[in-house]
Amino acid sequence: MTKTTTMLTVAGIAVGGLVAYAVYFDYKRRTDTNFRKQLRKEKKRVAKSQASPEASASSSGVDVNALKQALETVKQEEVPATPEEKEKYFMAQVGLGEQLCAKGPASNLDAALCFYRALRVYPSPVELIVIYERTVPPPVFQIVMQLTNMDVKERVEGYYDCFPPKAMNVAIKTVEVPVKDQPGAVTKKKVLVCTKDFEAGELIYREEAIVTALDSDLQGKGTHCNHCLRSLDPSSAVRPESDRLDSVYCSIECLDKARTHSQTLLFSLDSPLPAPLAATILPAARAARDEAQQAFTDYLKKRGKAASQLVARFIARQVSAETAKMVPSGRGSTKGAEPVLTDGGDYTLYDHLERLRYVEVTPPEEETKILREVLKHAIPGLEEFVTEERHATYLGGMSYNAFGVYFGEGRDDKPEPTERPEDIEKSRTPVGTQKQVGTGFYAVSSYLNHSCMPSARPSFDRGTAELHLIANRPLKAGDELTVAYVDVTQKEGESIEEVRRRRRVELVRGWRFACTCERCAQESNGVDEGPAMDESKVSDVVKRAEIA
């Protein structure tokens with residue numbers, strides 16, 4: 001079997017047999033942990049024969065600047081939209097790459113660019129890299145790996161040039177924080193700063209939630225929109241024909257958004273794919289999907305945790321965003337499938353979640369299994385995406401970063417929790433989690449750190465989950481923006497020591513860190529409380545980017 005035949009055979013198996021991967025293959029190519037590990041291994045292997053970029057250019061016969069220019073050219077090229085078009089494109093690029101290899105060293109760069117283009121649309125990139133290593137001439141393979149490494153490096157390092165959008169008047173800044181009881185030691189941390197001056201009470205930015213979850217005690221009562229969380233009169237609510245959560249909506253617009261983002265995949269038997277991509281659902285498959293969804297719905301109602309639902313909805317919205325890219329322009333409605341969170345750059349929802357801090361959690365084994373079943377029967381093969389490790393990371397990210405949505409001073413009718421205090425689910429809610437109607441996950445606001453003397457506060461004064469960040473005091477450009485994750489107000493009859501202890505205990509239980517803000521330091525009366533504890537983590541890719 002020829003090199004071309006070998007590669008095309010594997011490609012045919014992948015494109016034909018792993019149909020589900022097509023809905024998130026682009027996401028997998030950019031974010032898969034194994035892919036990154038393979039890149040690091042290949043980079044080390046190549047590095048053995050090159051001491052510097054100049055040496056690399058010498059060994060491959062291609063100037064580094066020429067590589068960068070070629071990579072930029074390829075990245076500007078339009079990628080085919082449908083699976084069929086991608087398969088055809090892949091085969092054409094591999095075939096052309098083989099022809100160019102036969103022409104000799106002078107065509108090495110052009111050949112490598114063909115193989116790199118094929119890699120961009122292949123559903124299992126690690127597998128293809130292994131095939132390339134075995135079948136592509138070493139000098140050409142080396143160039144392919146250099147292009148790939150350059151692309152990954154640029155994506156990691158260039159993220160904060162695009163995010164947050166400059167129109168939001170904020171930016172992400174990396175600061176060095178001293179490590180207590182370790183003289184000279186520092187750790188790096190991301191903070192959100194304003195990029196212009198603000199007066200007290202002034203609006204800094206508005207941000208829509210990527211996903212929301214209504215509090216479990218309000219679910220099915222018909223009093224709040226299941227998408228934007230707006231309070232409503234049950235008699236005027238928009239009700240879908242069928243919905244396992246007994247969801248209601250304040251408008252047709254919210255109903256349509258909910259269906260597009262997650263409701264269809266998770267809680268209905270309609271096809272989760274846009275009309276141009278949808279296939280006929282056979283009775284047996286429909287029955288299996290029905291059973292899986294019912295088990296998932298029963299589990300959510302029993303568990304009553306917002307994070308579990310937020311994770312499921314986040315995954316569903318990722319699928320929605322990826323499938324939207326596969327629909328040719330003008331065919332089918334995919335409006336609003338993927339939020340615009342950056343000023344340019346080809347970044348996905350996972351790129352945003354991956355860079356956030358999270359806490360380690362262990363999801364119930366039952367939860368992972370049930371969620372995988374829902375995904376499996378919606379789009380066979382999609383369940384492979386939800387490993388135990390990834391599910392735990394998602395839950396940890398939602399648990400650490402979700403905000404409580406409340407209106408006015410909050411509600412007073414939420415049932416008192418019966419769990420142990422350390423097991424009660426927390427969200428970033430300045431009036432207290434008991435006052436919220438639901439939770440939301442926000443890409444930019446997740447970078448707001450806690451302070452017991454916050455410089456800003458979240459507000460939901462439109463009566464929806466749209467978060468408005470309001471300045472608590474005059475701010476100058478470059479000032480850090482902070483909010484209170486818990487109720488930091490001193491209650492009647494509560495001493496300074498008592499309120500300090502209450503808020504710090506809540507922070508440890510909900511976010512696993514000991515607050516070191518100015519107020520806590522002032523109210524400590526000089527008592528040495530030992531090393532400041534912070535159990536939150538960042539992903540390995542973020543750590544590597546910080547070190548670089």
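This is a short tour of selections to make in the viewer, with a note on what each one shows. The model is predicted.

**Stop 1: helix α5**

Select helix α5, residues 64-76, and find L67 inside that helix. L67 is buried, with a relative accessible area of 0%. Now add M150 to the selection. L67 and M150 are 83 residues apart in sequence, yet their C-alpha atoms are 8.9 Å apart in space.

**Stop 2: helix α6**

Move on to α6, residues 83-101. The helix has 19 residues, which at 1.5 Å a residue should span 27 Å. Its end C-alpha atoms are 27 Å apart, so the span agrees with the expected value. Colour the buried residues of α6. Among them are K86, Y89, F90, Q93 and V94. G95, G97, E98, L100 and C101 are buried in α6 as well.

**Stop 3: helix α7**

Next, select residues 108-121, which form helix α7. From first C-alpha to last, the 14 residues reach 21 Å, close to the 20 Å expected. How many of the residues of α7 are buried? The count is 12 of 14, and the helix is mostly covered. The buried set includes N108, R117 and R120. It also includes A111, A112, L113, C114, F115 and Y116.

**Stop 4: helix α9 and V156**

Jump to helix α9, residues 138-162, and pick V156 there. At 18% relative accessibility V156 counts as buried, because the limit is under 20%. Show D351 too. V156 and D351 are 195 residues apart in sequence, but 9.1 Å apart in space, C-alpha to C-alpha.

**Stop 5: the aromatic rings**

Now show the aromatic side chains. The count comes to 15 aromatic pairs. Start with Y159 and Y160. Their ring centres are 4.8 Å apart and their planes stand at 80 degrees, so the pair is edge-to-face. Buried or exposed: which word fits Y159? Y159 counts as buried, at 0% relative accessibility. Y160 is partly exposed, with a relative accessible area of 25%.

Go on to F267 and F296. Here the ring centres are 5.9 Å apart and the planes are at 15 degrees, so the pair is stacked. The pair links distant parts of the chain, with F267 in helix α10 (residues 252-267) and F296 in helix α11. The two residues are 29 residues apart. F267 is buried, with a relative accessible area of 2%. F296 counts as buried too, at 2% relative accessibility.

Return to Y159 and widen the selection. Ring pairs link Y159, Y160, F163, Y347 and Y447 into a cluster. Then add R355. R355 lies over the face of Y159, at 4.1 Å from the ring centre.

**Stop 6: the second largest pocket**

End at a pocket. Rolling a probe the size of a water molecule over the atoms shows where empty space is left. The second largest pocket has a volume of about 980 Å³. Which residues lie nearest its centre? Select K414, I424, E425, T433 and Q434 to find them. In full, 43 residues line the second largest pocket.

Four helices give two or more residues to the lining of this pocket: α11 (283-303), α12 (306-326), α15 (388-401) and α16 (496-511). Colour the lining by class. You will find 14 nonpolar, 12 polar and 17 charged residues.

Methods: Residues numbered from 1 in each chain as written. Predicted model: local features only at pLDDT ≥ 70, side-chain atom pairs only at ≥ 80, totals over all residues. Heavy atoms only, no water. 1 Å grid on protein atoms, 1.4 Å probe; cavity = no way out; pocket = protein on both sides within 12 Å on 5 of 7 lines; lining within 4 Å. Points joined across faces, edges and corners; volume = space filled by probe spheres on them. Nonpolar A, V, L, I, M, F, W, Y, C, P; charged D, E, K, R; others polar. Phe/Tyr/Trp six-rings, centres within 6.5 Å; stacked < 30°, edge-to-face > 60°. Buried < 20%, exposed > 50% of the residue type's maximum accessible area, 1.4 Å probe, protein only. Lys NZ or Arg CZ within 6 Å of the ring centre and 35° of its normal. Expected span 1.5 Å × (residues − 1).
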